Structure formats: C-alpha cells, structure tokens
Protein chains: 2
Amino acid sequence: MPRNLVVGAAQLGPIARAEPREAVVVRMIALLDKAAARGCGLVVFPELALTTFFPRWYMPDQAEVDTFFETEMPNAATLPLFERARALGIGFSFGFAEKLEIGGRIRRFNTAILVDGEGQIVHRYRKIHLPGHTENEPWRAFQHLEKRYFEPGEEVFSPVTALGGEIGLAICNDRRWPETYREHALRGTEMVLIGYNTPVHYPLAPEHDHLQCFHNHLSLQAGAYQNGLWVVGVAKAGKEENCDLIGQSCIVAPTGEIVAQASTLHDELVIHDCDFDRCTEIRANIFDFAKHRRPEMYPLLSAPIATRR
Amino acid sequence: MPRNLVVGAAQLGPIARAEPREAVVVRMIALLDKAAARGCGLVVFPELALTTFFPRWYMPDQAEVDTFFETEMPNAATLPLFERARALGIGFSFGFAEKLEIGGRIRRFNTAILVDGEGQIVHRYRKIHLPGHTENEPWRAFQHLEKRYFEPGEEVFSPVTALGGEIGLAICNDRRWPETYREHALRGTEMVLIGYNTPVHYPLAPEHDHLQCFHNHLSLQAGAYQNGLWVVGVAKAGKEENCDLIGQSCIVAPTGEIVAQASTLHDELVIHDCDFDRCTEIRANIFDFAKHRRPEMYPLLSAPIATRR
C-alpha cells in the first residue's frame, strides 16, 4: 500500500515588527487554502512564524521581549488557522516563541509543533542548537540573541507517528548539524520538518555571506541523503526590518535531490508528493546502519565537550 | 605566518588486472613530476592505487586474493615512487591492500598511508567503513567483496602533524558517513585525504546510478563545510575491467566549495593552494563546537547498535 503524503512548503515573506499576529495568520491561511486546493495533506510554515524575527534586537526590558512569546497554543490569534486546517483535514507545522511555567519557573523556548488533520498538536520540539550570542554586541549590523532569549531544548530528536509516516521536527540552525538528522534517523524518522530564519549577512564571517544559500541546501541535501529521509526546509524570507533573509525553501527527497523549491522571497507555496517508503531505498542499502555503521569508532560524538582532544 | 600547502589530487585512470604494479608506479611518478613542476607539497593518489579494484571478483582461492596485497611498504615495486618523492621533497598519500602478521595472526586491511617530504611514512589508516558483502552473489554484474577480503580497521580517525598542518586519512565509503569528518574535526584535523573506487552501478539500488557523482560531491562538500576542514577526494576512474568507475576527483575548501576538479576519467592532476588557517573561519564561528554542539543530545551516535530504537 502506498504511503504517500503531499507536502506543501509554505514560505513566508517578511513580517514587519508592527504586523499583528492576526494579519500573519491571514497570510498563513491563504497558503493553507492554496495547499488544500493542490491536494496537500501537510503544510509546513517557518520558524517563529507568527512575528518578526525579534532576536535581531537587544531589548533590555524582558516585558518587551515577552510580547513576542506565546503562552498558550492555540491562542486567540492562531485559532483561526487551527480551525481552518481542521475543516480542511490538513495537518500543519509552524514555529513560535514559547513561554511557559515548568516546576514554578518561567521558561522560554524556540519551539515548533506538528498538528494533525484533526487539529490536535501531536508533536512538539524545542530547539536544541541555539545560535548566536547572549550579550548585546553593538558592533553588529543586527543582533542574533537567541542564546539570550531562549533556553536550549532538553529533549532529543524523535519522530511521531502521524499523517501516515514517522515525522520529526528540527529548527533552523539544527539543520547545519549532521547530528540532527542522524539522531532522527536512528529513531526511525522518515521526514524532518525544518523552519528557518537565516540572514544573508553573518556578522562573524561576512566573507561567506555569498554562500548562505549554498550552505542551506548543502546541509539539507546531505542530511536527507546520508540518512535516507525526506527534508522539508521552509524559510521566512526577504527584507524584514532592513535585514535580508534567504529564501529557497525546498523539499528534499531521501536521495538528496531537491524536488521542489521556492523562487521568490515572498509568501510562496511549493509542493511535492512524498512517498515515505522511498526512505528504504537508501536505508536498506548504502546507509544500512545496522550493517555498516561503526559506533564504537565514534567515541567523541556523544562525549561531553571537556573530554575532547 | 601563512600555513599554505599546495595539494595535488592525482586521479588515476583504470588499471587492468594484468597491469603490473611497476607500470602503475610509472604512471604515479609521472603525476608526481607534474605536481612538482606546479609547486605541490603533497600529492594524493586513490584507494587501492597499485592494482585493479580486485574486490569486484569472487576468488575462492585465498592465494589468488593475496596476489593483490602488499606485505611491506615500501616494497620493490613502490620504492621508485618513494625515492622520487623524497628527491623532490614532496609528500604523498595512497591506498593499498595491506597484509601483515599481528600477534601471530595474518590480517588484511584496506589501508592508506601518508608519507612526508623526507620519505617517511608518518601516518597509516585502516578503513573503518567497509562496504559491500561477504559472500559471492552471482546475480550482481560484479561483486563488491570488501567485507570478505578485508577486516575493518580498529583505530579511530585522527590526524598527524605533517607538511605544515593537521592531516587525516579516510578511504572511499568513509566519505559518505558524517561521523568520519566529525570524529576527525573533534581531534583537530584540518585536511582529510580520501581516495576512492566508486562504480557508477550500484547493484542494490540501480535506480540511483545516475546520482553517483552527485552523492560523491554532496558528501565531500558537506563534510568539509560542516567541519571546517579541507577535503581532498581522489578517484580511480574510468572503465576498469568492464566496470565504470566515477571520476570527478576534487579539492574542497572548508567552505564546502569545490576549488579544483578533474574533468576526465584518466590519469589527471588538479591542484589548489590550500591555507590551513582557513579552517578557523568556520570552526571559530558557525561551527564552534565547544559553544554550539550539544553532545548530551546525541546519545545514539556513539551507542552500540543493539540499543537503538
């Protein structure tokens, strides 16, 4: 029996700082409707999809920072998205800044969720690889304060059985790390959904700015091929509050081939009919982990940082 | 002070089964001389460089198999290569089938060595990721009996300080595994030399045959970028004993960019002036391992196979 899922990568163009969540949700619903018309069963939106990418600013007032966070999901602003998707019977995924109380302590994460066709949140992931820095660095054209505004996630990558396959989540900088895909694959993930906000300009090594799009696809494609899984990479793109973000949202087959790609920096939907069973072509052969991996030869990969070298 | 090394990727065209080692060494010396004329300090030859790729045949007679193995290095056939390189003051690397006695037991490995500019073997690596199978499978157009003819290496990836940098070795199928580059990088490797013999046709999944060259470069480029190191990938290429081997030997910068590439399937030299210090652009920033890796979140990477899933 075929195990196919038509997936839509729903790229978002820039979101202004003043743009209310409700306006963004209208845009997301427009993409959702388009996806439904094209037969999608799953629509993937970017990281921090509901607001502008606020870690680009240093805000000393935590109350101001908190205006970018969600304290419940769904909430009033996003409920229309949940309801439309449920009415259409379509699953979806998006990222948001999550604030919650755990054990009497307020905690903040860069989070992504997966919602099934019945409107249920069936998977939640909190970003493990937070990039950037913790202190204000005024020499930068813009900040990247994810390490200040979020705590790192504490749960390992894992898939959920949903929408006919084993689906996993990762967020932005996670996609550059081969560990992300491998941990997923070793737990059986067949498709990883990865939203991102990636500036063209990287203040620490601007000599590589022209390679941002290349590095994006290189990491997504290698992760797909070397683990025999589908990868759906979805950008927030375009000139957002004077910061240029890359686009090139794409769907990558388990062969590493890009099979759908956005060609604008605006709201744009690209789709592909993904067969979960194609993971087997890779994983039962060239990357048969049980047969060919040599974990005893990789002692440093899981080792604490201090033991290195 | 600049830390540059001009590297030559010395691709070899096919080697016939009947071609004696001495004839191959003449070809290797011709490439070495060309490299010297172009200012190279290091010349990299492929995996199993001295003979045809013999694991493509099932040979029930071990004595016949052993005709493809070297029991000492250098030996009479390869000494002219060692001597010429020493006279030129050039380092080199190549792979060969190694047979030796360890603790009273005969052992066979798929091995690569690095020789410095004084003719000394300064590093030796025995292939960890042996591909293929152990038994004769007559349905295949050709065999891939590396798992039969070799034992897997028992030492982890590590670099040696030589020729002005931290140089590591890997062989063929190793290059497809992200673990290879990561283990190297965590031990400080700045350049990985990787020879390969890769058939265009992969009997287990021939539907991917047209992707062989893409997968080769994808793995080499991702390994370089995601670890901020130089990669030198060198093929034995062309139609060898009726088996087509891919070429596209290349040198990959720590940015993941291919900076030199062969365009034939014959003996061919391509070179690049490699600056070891360029590794820092990547490793001190986007892939600052100490700052951004989360090894506690990768419990399965080093875990024995049995604990998975």
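Where in chain B is B:Asn242 found? The loop between strand 10 (238–240) and strand 11 (243–245) of chain B is the place. Here are my notes on that residue and the rest of the model.

1. **Confidence.** Keep in mind that this is a predicted model. Chain A has a mean pLDDT of 97, with 98% of its residues at 70 or more. Within chain A, confidence bottoms out in helix 7 (residues 279–283) at a mean of 94, and it is highest in strand 2 (residues 42–44), at 99. For the complex, the predictor gives an ipTM of 0.97 and a pTM of 0.97.

2. **Two positive phi values outside glycine.** Back to B:Asn242: its phi is positive, about 70°, although the residue is not a glycine. B:Asn242 is exposed, with a relative accessible area of 68%. Now look at A:Leu48, which is not a glycine either and has phi near 40°. A:Leu48 sits in the loop between strand 2 and helix 2 (62–66) of chain A. Is A:Leu48 buried or exposed? A:Leu48 has a relative accessible area of 2%, so this residue is buried.

3. **Cis prolines.** In chain A the peptide bond joining A:Met73 and A:Pro74 is cis, with omega about -5°. Chain B has a cis bond from B:Met73 to B:Pro74, with omega near 0°. One wrinkle if you compare element labels: A:Pro74 is placed in the loop between strand 3 (69–70) and helix 3 (79–88) of chain A, while B:Pro74 is placed in the loop between helix 2 (62–66) and helix 3 (79–88) of chain B.

4. **Strand 8 of chain B.** This is a good strand to click through. Seven of the seven residues in strand 8 (residues 191–197) of chain B are buried. In a regular strand, side chains alternate between the two faces of the sheet. Here both faces are covered: B:Met191, B:Leu193, B:Gly195 and B:Asn197 are buried on one side, and B:Val192, B:Ile194 and B:Tyr196 are buried on the other.

5. **Its neighbours in the sheet.** Strand 7 (residues 165–171) of chain B runs parallel to strand 8 of chain B, joined to it by five bridges. B:Ile171 stands opposite B:Gly195. Getting from strand 7 to strand 8 of chain B takes the chain through helix 5 (residues 178–186), in a right-handed β-α-β crossover. Strand 8 of chain B also pairs with strand 9 (residues 230–236) of chain B, again parallel, over seven bridges. B:Asn197 has B:Lys236 as its bridge partner there. The crossover from strand 8 to strand 9 of chain B goes through helix 6 (residues 212–227) and is right-handed.

6. **A hairpin in chain B.** Strand 4 (residues 105–115) and strand 5 (residues 121–126) of chain B are antiparallel and share five bridges. B:Ala112 faces B:Tyr125 across the pair. Five residues lie between the strands of this hairpin, and B:Gly119 takes a positive phi near 85°.

7. **The interface.** The contact takes 65 residues from chain A and 65 residues from chain B. Between them the chains bury about 6,100 Å², 60% of it on carbon and sulfur atoms. On the chain A side, A:Trp177, A:Met297 and A:Leu301 lose the most area to chain B, together 11% of what that side buries. Four salt bridges are counted between chain A and chain B. One worth displaying is B:Arg293 with A:Glu179, at 2.9 Å from N to O.

8. **Salt bridges inside chain A.** The count over all chains is 52. A:Arg3 and A:Glu190 form a salt bridge at 2.7 Å, N to O. A:Arg3 lies in the segment before strand 1 (4–11) of chain A and A:Glu190 in the loop between helix 5 (178–186) and strand 9 (191–197) of chain A, so the pair ties together parts 187 residues apart in sequence. A:Arg3 is partly exposed at 26% relative accessible area, whereas A:Glu190 counts as buried at 12%.

9. **Buried pairs.** A:Asp66 forms a salt bridge with A:Arg108, the closest N and O atoms being 2.7 Å apart. This pair links helix 2 and strand 5 (residues 105–115) of chain A, 42 residues apart. A:Asp66 is buried at 17% relative accessible area, and A:Arg108 is buried at 17%. A:Glu183 and A:Arg187 also form a salt bridge, at 2.5 Å; A:Glu183 is buried at 0% relative accessibility and A:Arg187 at 14%.

Notes. Residues numbered from 1 in each chain as written. Chains lettered and ligands numbered in written order. Predicted model: local features only at pLDDT ≥ 70, side-chain atom pairs only at ≥ 80, totals over all residues. Heavy atoms only, no water. pLDDT = per-residue confidence, 0-100. Helix = DSSP H or I, 4+ residues; strand = E, 2+ residues; numbered from the N terminus. Buried < 20%, exposed > 50% of the residue type's maximum accessible area, 1.4 Å probe, protein only. Pairing = 2+ DSSP bridges. Right-handed = clockwise from strand over helix to strand, strands pointing away. Contact = heavy atoms within 4.5 Å. Buried area = accessible area lost by both parts, 1.4 Å probe. Salt bridge = Lys/Arg side-chain N within 4 Å of Asp/Glu carboxyl O.
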